[in-house]
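Work through the following exercises with the sequence and the coordinates open beside you. Each task is followed by a solution that proceeds step by step.

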Number of protein chains: 4
Amino acid sequence: MPCVSQALLPPMSSWTLEQVGKHNSAESCWVIIKNQVYDVTEFLNEHPGGSGIILKYAGRDATRAYEPIHPLDALDKNLPASKHLGPLDSDATSLVAQAQQNRKKTKDELRVEDALKQRPPLRRILSLADMEAVARQVLSHKALAYYSSSSDDQMTYQENARAFTRFFFHPRVMRPVSRCDPSSTILGFKSSIPVFISGAALAKLGHPQGEANLTKGAAQANIIQMVSSNASLSYEEIMAAASPSQPIFFQLYKNTNDDVAEKRVRDVEKLGYKSIWLTVDAIVAGNREKDIRSPWALDDIESGRTAFHVDAVDGAVEDSDVGLGIAGALVASDDRDMTWEKTIPWLRRITKLPIVIKGVQTVEDAVLAAEAGVEGILISNHGGRQLDYSFPPLEVLYRLRRQRPDIFDKLEVYIDGGIERGTDVVKALCLGAKAVGLGRPFLYAQSAYGVPGVVKIVQILEREILTAMRLLGAASLQDLIPEMVERVDWQPLLRPKL
Amino acid sequence: MPCVSQALLPPMSSWTLEQVGKHNSAESCWVIIKNQVYDVTEFLNEHPGGSGIILKYAGRDATRAYEPIHPLDALDKNLPASKHLGPLDSDATSLVAQAQQNRKKTKDELRVEDALKQRPPLRRILSLADMEAVARQVLSHKALAYYSSSSDDQMTYQENARAFTRFFFHPRVMRPVSRCDPSSTILGFKSSIPVFISGAALAKLGHPQGEANLTKGAAQANIIQMVSSNASLSYEEIMAAASPSQPIFFQLYKNTNDDVAEKRVRDVEKLGYKSIWLTVDAIVAGNREKDIRSPWALDDIESGRTAFHVDAVDGAVEDSDVGLGIAGALVASDDRDMTWEKTIPWLRRITKLPIVIKGVQTVEDAVLAAEAGVEGILISNHGGRQLDYSFPPLEVLYRLRRQRPDIFDKLEVYIDGGIERGTDVVKALCLGAKAVGLGRPFLYAQSAYGVPGVVKIVQILEREILTAMRLLGAASLQDLIPEMVERVDWQPLLRPKL
Amino acid sequence: MPCVSQALLPPMSSWTLEQVGKHNSAESCWVIIKNQVYDVTEFLNEHPGGSGIILKYAGRDATRAYEPIHPLDALDKNLPASKHLGPLDSDATSLVAQAQQNRKKTKDELRVEDALKQRPPLRRILSLADMEAVARQVLSHKALAYYSSSSDDQMTYQENARAFTRFFFHPRVMRPVSRCDPSSTILGFKSSIPVFISGAALAKLGHPQGEANLTKGAAQANIIQMVSSNASLSYEEIMAAASPSQPIFFQLYKNTNDDVAEKRVRDVEKLGYKSIWLTVDAIVAGNREKDIRSPWALDDIESGRTAFHVDAVDGAVEDSDVGLGIAGALVASDDRDMTWEKTIPWLRRITKLPIVIKGVQTVEDAVLAAEAGVEGILISNHGGRQLDYSFPPLEVLYRLRRQRPDIFDKLEVYIDGGIERGTDVVKALCLGAKAVGLGRPFLYAQSAYGVPGVVKIVQILEREILTAMRLLGAASLQDLIPEMVERVDWQPLLRPKL
Amino acid sequence: MPCVSQALLPPMSSWTLEQVGKHNSAESCWVIIKNQVYDVTEFLNEHPGGSGIILKYAGRDATRAYEPIHPLDALDKNLPASKHLGPLDSDATSLVAQAQQNRKKTKDELRVEDALKQRPPLRRILSLADMEAVARQVLSHKALAYYSSSSDDQMTYQENARAFTRFFFHPRVMRPVSRCDPSSTILGFKSSIPVFISGAALAKLGHPQGEANLTKGAAQANIIQMVSSNASLSYEEIMAAASPSQPIFFQLYKNTNDDVAEKRVRDVEKLGYKSIWLTVDAIVAGNREKDIRSPWALDDIESGRTAFHVDAVDGAVEDSDVGLGIAGALVASDDRDMTWEKTIPWLRRITKLPIVIKGVQTVEDAVLAAEAGVEGILISNHGGRQLDYSFPPLEVLYRLRRQRPDIFDKLEVYIDGGIERGTDVVKALCLGAKAVGLGRPFLYAQSAYGVPGVVKIVQILEREILTAMRLLGAASLQDLIPEMVERVDWQPLLRPKL
């Protein structure tokens with residue numbers, strides 16, 4: 001359907017604020033992003049995050065809302081070239097810059113600024129819990145809501161971590177461990193410790209450099225990053241941040257349209273990504289209430305209202321658009337009809353890269369994955385962000401080890417979710433995991449301290465893993481065996497959080 | 001025993017306040033309800049709620065106390081026509097209206113009024129817990145005490161809900177679920193989701209429209225309402241609120257007098273109710289201390305006293321009458337001697353409607369019900385309001401599934417009690433339930449927001465059920481099977497309440 | 001060793017305060033009790049509670065300290081007649097009375113007085129927890145410390161009650177229960193409910209009428225009282241308070257001296273006590289720190305010091321005497337060398353009364369008791385006041401039922417400890433107990449409200465037992481069977497206390 | 001590498017502060033300790049606690065920092081005689097004394113001084129928990145951090161104690177126990193109760209007399225002390241504090257250099273130590289965050305900053321040196337390559353003393369120890385200070401008893417960790433332990449009250465053990481058998497701490 005207003009426009013190279021300002025409705029909706037003008041009228045209904053959030057900026061500069069959650073190339077990919085209307089004129093550009101500068105900071109922004117100044121020196125961060133505590137101070141309300149949220153009543157989120165507290169060690173003594181090596185390989189790629197950065201989206205929400213912090217930190221610490229399809233930097237930008245020959249993995253959210261999906265796979269293979277982690281645990285978004293609630297919770301904070309003392313009339317417009325949260329937007333176009341029979345052969349056909357299934361949650365599906373011939377499975381419930389009451393990955397791993405130990409010879413098994421300590425990593429390895437993934441801890445670390453934060457996480461884990469291995473009597477990862485852990489029949493206490 | 005005072009009355013069509021006011025004792029007790037005068041002297045001792053509460057209004061207008069807990073036809077049913085003495089005269093009518101208007105509101109009423117104004121917009125209600133939180137603000141002290149109370153130490157009330165936290169999912173991946181259908185049938189009647197409104201009495205305590213809110217909400221959301229014998233609207237009023245062909249079920253509290261009971265059954269069948277749910281878990285009232293305590297707790301609130309700082313002398317009159325709470329009054333005339341051999345055949349004889357036994361709590365009684373040939377059983381402990389330490393319904397269902405899976409082929413099995421999330425519904429269905437009932441959540445919803453509140457509950461559950469089904473790999477209710485849930489051997493954390 | 005000071009005294013019939021006041025040391029120690037003068041010099045070292053507490057009152061009136069913890073006849077029994085020096089003269093008598101009147105009340109006494117005035121009306125007491133809450137307000141610090149204390153870390157005290165929370169009911173429906181009878185017999189004596197007052201010492205600490213409250217309450221409520229050897233009224237006084245033909249049991253703490261013990265047994269048999277409950281779980285006192293700590297904790301309260309801010313020098317004299325608490329004093333002369341072979345035949349020889357062993361705690365000892373031919377056993381760990389980590393009585397009962405069901409045919413089995421609700425009573429009866437004992441609840445009740453408090457406890461339990469029986473489908477105690485309870489494998493929540 | 005600055009020094013017998021003050025850098029670093037001057041330049045890199053802490057005192061008096069954590073002979077052992085430069089001159093000596101006197105006390109020192117004055121009289125200490133509560137008041141921040149810290153999330157520290165709460169007693173009645181003997185032997189040496197002082201380092205941190213308090217207390221109470229290699233008094237000083245013929249054991253941390261280790265063993269054997277407890281659970285230091293955090297936490301306390309409100313720039317110098325805590329320093333030179341095959345024969349060769357392996361944590365290693373022919377094993381996880389999630393010693397003992405009861409006949413088995421009550425001791429003995437060790441409780445006791453505190457701990461335990469034995473029906477330790485304890489399947493409550 002042709003857009004009348006655009007058709008009437010003279011072929012001009014730049015725009016005034018007045019001109020843009022006229023297109024401030026669903027009938028004709030223009031927005032300014034980084035001093036470029038875009039006609040998004042036809043895109044309104046396709047926007048995974050809903051039209052409401054765009055219309056809020058109709059006829060105006062939308063850069064501040066757009067930037068933290070979209071990669072650089074999002075507009076190019078999603079909007080036909082004809083809708084790129086060209087730059088603002090120089091007056092408009094300065095006016096926008098000035099407005100941005102004069103803008104009164106929100107309470108939340110001021111709080112974050114203050115918190116950033118008050119961060120403890122990095123050397124005082126002794127544990128992943130310390131790091132999370134700092135991140136919780138310095139993250140914006142929106143970012144914390146998105147990073148920390150999990151589904152429904154957070155039962156699985158909590159049980160993911162609690163599962164580790166049920167496994168105790170049988171430490172062996174009088175074994176030579178002065179030399180002790182925690183290094184590993186993942187799909188054949190070397191890693192300084194058996195830990196990787198699990199796919200975690202929207203790093204720019206927490207830090208302006210976003211996923212590049214993870215890439216550079218992974219390079220410095222010699223571990224491997226898995227990049228989410230929903231990264232807030234483009235796949236090219238991330239690769240550009242990488243060191244030469246640094247291996248990076250790609251977490252694929254398969255589009256419901258096979259052609260779109262195929263293009264994405266071929267693109268990242270060309271860019272040099274080293275494996276495809278097909279995500280099967282997020283075909284629809286989990287019910288993450290903190291994330292969904294975030295926009296109006298923030299409104300309440302800014303206006304000084306409390307949750308249950310809003311005027312029932314007021315706020316109607318603001319609220320009308322929410323409902324799915326960021327998570328809902330991200331998976332809106334994902335394929336809900338993947339099958340073992342159809343999807344794996346399709347993926348094999350279009351890529352030479354090793355394939356890992358991310359999101360296996362049962363012994364049965366682990367067996368199906370082995371039969372499908374993939375190179376690995378990541379036992380994951382998406383950090384408790386999808387189906388509440390999913391089994392904790394460590395428990396699934398434990399069952400797989402007991403019921404089908406043969407599977408570990410057929411593919412590599414990884415887990416993610418709930419890992420907070422080096423001992424957690426060691427427990428998973430005792431039970432047969434080749435490596436473990438961490439998501440939130442790395443997001444928190446890059447948000448709090450950028451690249452050095454990411455490196456710090458690896459240093460902490462390395463020190464904790466080494467100590468645990470030595471005190472267990474294990475000089476290498478091969479010495480970590482199932483007999484060294486026991487699932488206790490009592491109820492351990494909750495781990496203290498700082 | 002003829003009432004002397006009445007015999008002396010001239011045949012007049014209307015009364016003055018002065019005339020009514022003379023009958024202010026147990027010897028001659030008149031009350032005004034909705035501007036009609038009634039002689040309740042002989043009824044005093046038959047009143048299930050005790051004589052004290054009536055005597056408090058002897059010779060005066062009792063409308064405000066009467067209305068929220070009695071259906072319109074209660075006086076007709078319980079008082080001979082001769083005791084209907086006729087209307088107030090017009091002066092008296094205006095005086096009563098004026099008095100009502102001038103009446104100083106109680107602290108509790110003012111609190112409720114304020115809370116109603118402060119309700120969040122309905123779209124901000126994301127979960128059943130959100131809804132309950134609002135209801136707890138807007139309900140009167142008495143209504144909340146009655147709705148929320150459960151027996152003794154609330155162990156069963158709490159365990160009903162906690163039982164669900166012990167069942168975790170084994171989610172299957174790579175299954176086509178883009179089309180996913182949560183609709184079901186109950187006794188052959190269609191329901192948009194496998195959820196019904198379980199019998200819950202006295203809806204007018206929470207909202208002036210009372211049970212009609214539930215009826216209209218059920219119609220809009222395409223689910224089925226079960227109407228309690230103790231509804232605060234008459235069965236006719238409820239039917240009058242229904243849509244054409246809307247199926248409604250009837251929860252029968254069998255009167256100890258078979259004739260009275262038979263009349264009730266024949267009446268509701270004639271009115272169009274579609275099935276009889278014979279209630280066997282409430283032959284006597286459970287010990288609901290919050291409910292029993294409510295009148296004097298309220299007195300203390302109004303007078304600013306604290307529970308343990310009342311003057312031991314004061315309050316004697318007020319208190320003398322309490323002892324059973326509302327629950328005790330409601331079941332006072334129920335049949336305590338029902339048996340499988342006697343009661344089921346009797347009921348079959350007097351009605352053609354399908355019969356469900358509400359309140360089965362053991363595998364043994366489920367088997368007896370099947371042998372008795374009823375169409376269904378509702379595994380229920382009356383929401384933890386009857387015998388404390390009754391088994392949670394989900395645990396009974398779990399045992400029935402393991403010990404007697406054949407029963408599920410002989411009748412429909414439902415459960416109610418403790419359901420707070422869509423995942424709870426799905427767990428019950430995995431274990432073989434045909435549908436689940438919710439009571440309190442619907443009472444809270446209609447109290448907080450009327451009909452839209454009721455619809456909202458269904459929308460929330462539908463969204464949660466759909467998400468859970470898809471993430472489990474189930475495209476229809478038939479795909480929900482026992483292997484998808486596991487009763488874990490660890491102790492999950494308590495679910496957070498808002 | 002003859003007492004010189006006494007030898008020098010003129011044969012006078014009454015004493016002045018000045019004369020008494022000279023005997024204010026361990027060398028010559030006189031005390032005034034109820035206006036009588038006693039020479040306790042030689043008794044100092046025999047006093048089970050230590051000499052320090054007596055010396056505190058040397059040469060002075062000791063009535064106020066003596067009365068609440070000693071029966072009337074304690075002086076007669078423990079002091080030779082020659083040490084009864086005669087009454088005060090009339091001047092002294094009035095001076096003592098005056099001093100008592102002018103005495104400044106302690107903070108604790110004032111608190112208690114105030115609390116007594118503020119008690120809620122008895123009809124507001126709905127549960128045993130309500131009753132305990134009132135008692136905790138109105139009891140003196142010392143009395144509460146003695147009544148409520150249990151040993152070490154209170155693990156067994158708490159587990160006694162928690163054990164009941166692990167047993168859930170399988171309620172049967174559709175059974176005739178309109179007529180329902182909770183009455184029972186104990187050793188052949190009728191009881192209105194299957195509950196008795198378990199031996200609990202020092203009732204005068206909580207109420208001036210002491211054990212007589214229990215006796216009269218038991219008579220009114222038709223239950224049976226077991227009287228402790230350590231009652232604070234004499235066995236005669238208690239019998240004097242009884243109704244004609246009211247059965248009363250005697251809890252025997254066997255003196256290490258067989259002759260003393262024999263005299264006690266023969267005395268109570270003569271007085272009309274109906275059975276002997278030989279106490280074997282208190283041969284030494286448990287470590288009840290709250291009781292031991294009470295004297296100085298009270299000092300700290302009165303002086304406004306806090307526990308850890310006493311001057312290390314101050315308080316030395318006060319403290320020097322403590323160490324065993326009241327419990328230690330009470331059992332100081334008990335027999336620590338009883339055996340099945342020796343003690344049971346000895347007891348049979350000296351009495352015709354039925355014998356119950358109080359304090360059996362293992363299946364093995366239950367078997368030995370049956371072999372020894374006693375009429376009953378009371379499974380008890382002394383309310384958690386003796387060995388911490390003793391098994392909860394309900395758990396012992398449960399094991400006895402499973403391992404040796406035959407024992408229940410050989411003798412009557414009772415339990416006490418941790419019972420707070422009618423459902424608790426019913427659970428014990430389902431598992432085979434003939435009746436259950438309650439100690440603290442009756443002490444609390446008589447302290448808070450005297451005789452009516454005791455009756456109230458029985459009324460509450462009767463109502464709760466009746467409700468539970470009916471909702472279980474049991475019309476008589478014989479209908480309560482093991483299949484009606486199940487020990488659950490999950491961890492129930494703690495019962496709320498008011 | 002020769003030290004130039006030293007070579008230039010004139011052969012003088014005493015030093016001025018000015019002269020010393022010039023050597024205030026890593027290039028030339030002198031320190032004053034107890035008025036003696038030492039050149040530690042070459043030692044800087046060998047100092048187990050790092051060079052930073054020494055450089056802080058370069059050119060200055062370091063006595064106050066040095067004394068609480070080093071034995072008298074540490075300098076002699078670690079520094080060549082040529083680096084002992086001689087005494088301060090008399091002016092300097094007085095200046096140092098004066099400076100020490102004028103030094104402004106820190107907030108923490110003032111707090112400790114105040115707390116010491118406020119200690120309750122020792123007779124009010126009824127339990128080990130009472131003692132710990134006092135110690136927590138009177139210990140310096142640093143001492144408490146070192147004593148109380150445990151690794152990672154303190155799970156094992158907490159579970160060590162919780163394990164005891166899972167074992168309940170089956171008390172037997174009607175057994176003669178008036179005479180009851182809790183005395184035992186350990187490796188043939190008599191002990192008044194089956195308890196010893198387990199190796200616990202750095203007693204001087206808590207009290208100026210340090211380990212000598214333990215030695216003298218052990219003598220008075222007739223129990224045995226095990227002296228840590230890391231004692232803060234020299235092994236000679238400790239022996240000098242002992243009574244004639246008092247048996248003392250030696251806890252060996254084996255140096256990685258066999259010759260150094262051999263010298264230590266031969267030295268202590270010569271000094272009269274009676275057995276060698278080879279420590280195998282601390283080859284590297286556990287991650288004790290409280291200990292590591294202590295220096296800067298203390299800085300924050302003194303400066304009034306809060307943990308998360310330090311200026312990110314400030315504090316950089318202070319912090320740069322921390323990282324391992326005291327624990328890391330203590331084990332820096334320990335042997336990480338001990339084996340059963342190599343180390344036990346080596347130790348046998350160089351000493352005639354009985355050998356105990358301290359730190360066995362599995363049934364498998366207990367068997368290996370028996371095969372290696374040692375005289376005993378101490379099942380220990382170092383008080384939860386090493387590998388978090390190590391099994392609680394009581395649980396290991398329980399498994400050993402069930403799986404390999406024969407091992408108890410081949411060597412003596414002890415446990416330490418988590419013991420807080422006499423009942424805990426008795427439980428371990430029921431399961432086969434010959435004796436149990438306590439570390440922290442004795443450190444707390446000597447810190448709070450010196451020698452009398454140590455004796456008090458034994459008195460409390462003796463009273464509690466005696467009471468438990470009698471109430472269990474055990475007259476001697478031989479009567480304590482496995483059947484008297486049962487591991488319960490429910491979750492006991494946490495023990496209250498004062």
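**Exercise 1.** Determine what percentage of the contacts in chain A with a separation of 6 or more is made by residues 24 or more positions apart, and then describe the overall dimensions of the chain.

*Solution.* In this predicted model, residues 24 or more positions apart account for 76% of the contacts in chain A that have a separation of 6 or more, where a contact requires C-beta atoms within 7 Å. As a next step, take burial: 54% of the 498 residues of chain A count as buried, the cut-off being 20 or more other C-beta atoms within 10 Å of the residue's own. For the extent of the chain, its C-alpha atoms fill a box of roughly 80 × 50 × 45 Å along the principal axes. The secondary structure of chain A amounts to 22 helices and 16 strands. The radius of gyration of chain A is 24 Å, which is close to the 23 Å given by the globule rule for 498 residues, and therefore chain A is as compact as a globular protein of that length.

**Exercise 2.** Work out which strands stand at the edges of the four-stranded open sheet of chain B.

*Solution.* Begin with the strand order, which in this open sheet of chain B is S3-S1-S2-S4, with mixed pairing. Strand S3 (60-61) and strand S4 (84-87) of chain B each have a single partner strand and so stand at the edges, one side of each being left without a neighbour in the sheet. Turning to the pairing of S4(B), strand S2 (residues 36-39) of chain B runs antiparallel to S4(B), and the two are joined over three bridges. Tyr38(B) has His84(B), in S4(B), as its bridge partner.

**Exercise 3.** Characterise the side of chain C that touches chain B, and find which element gives the largest share of its residues.

*Solution.* Count the participants: 35 residues of chain C and 42 residues of chain B take part in the contact. On the side of chain C, the elements giving two or more residues are strand S5 (167-169) and helix H22 (440-472), and H22(C) supplies the largest share, six residues. By residue class, this side of chain C divides into 17 nonpolar, nine polar and nine charged residues.

**Exercise 4.** Identify the symmetry relation that links chain C to chain B.

*Solution.* A turn of 90° with a shift of 0.1 Å along the axis lays chain C on chain B with an RMSD of 0.1 Å. This is the relation of a four-fold axis. Among the residues of chain C, Gln491(C) comes closest to the rotation axis, its C-alpha lying at 4.9 Å. Finally, the copies use different surfaces, since 3% of the contact residues of chain C recur in chain B.

Terms used. Residues are numbered from 1 along each chain as its sequence is written. Chains are lettered from A and ligands numbered from 1 in the order in which they are written. This is a predicted model: local features need pLDDT of at least 70, side-chain atom pairs count only at pLDDT 80 or more; totals for chains, interfaces and linings use all residues. Ala, Val, Leu, Ile, Met, Phe, Trp, Tyr, Cys and Pro count as nonpolar, Asp, Glu, Lys and Arg as charged, and the others, Gly among them, as polar. Two strands pair if DSSP finds at least two bridges between them. The radius of gyration is taken over C-alpha atoms; the globule rule is 2.2 Å times the number of residues to the power 0.38. A residue is buried if 20 or more other C-beta atoms lie within 10 Å of its own, exposed if 12 or fewer, and partly exposed in between; C-beta atoms are placed from the backbone. Two residues are in contact if their C-beta atoms, placed from the backbone, lie within 7 Å. Copies are superposed by least squares on the C-alpha atoms of residues with pLDDT of at least 70 in both.
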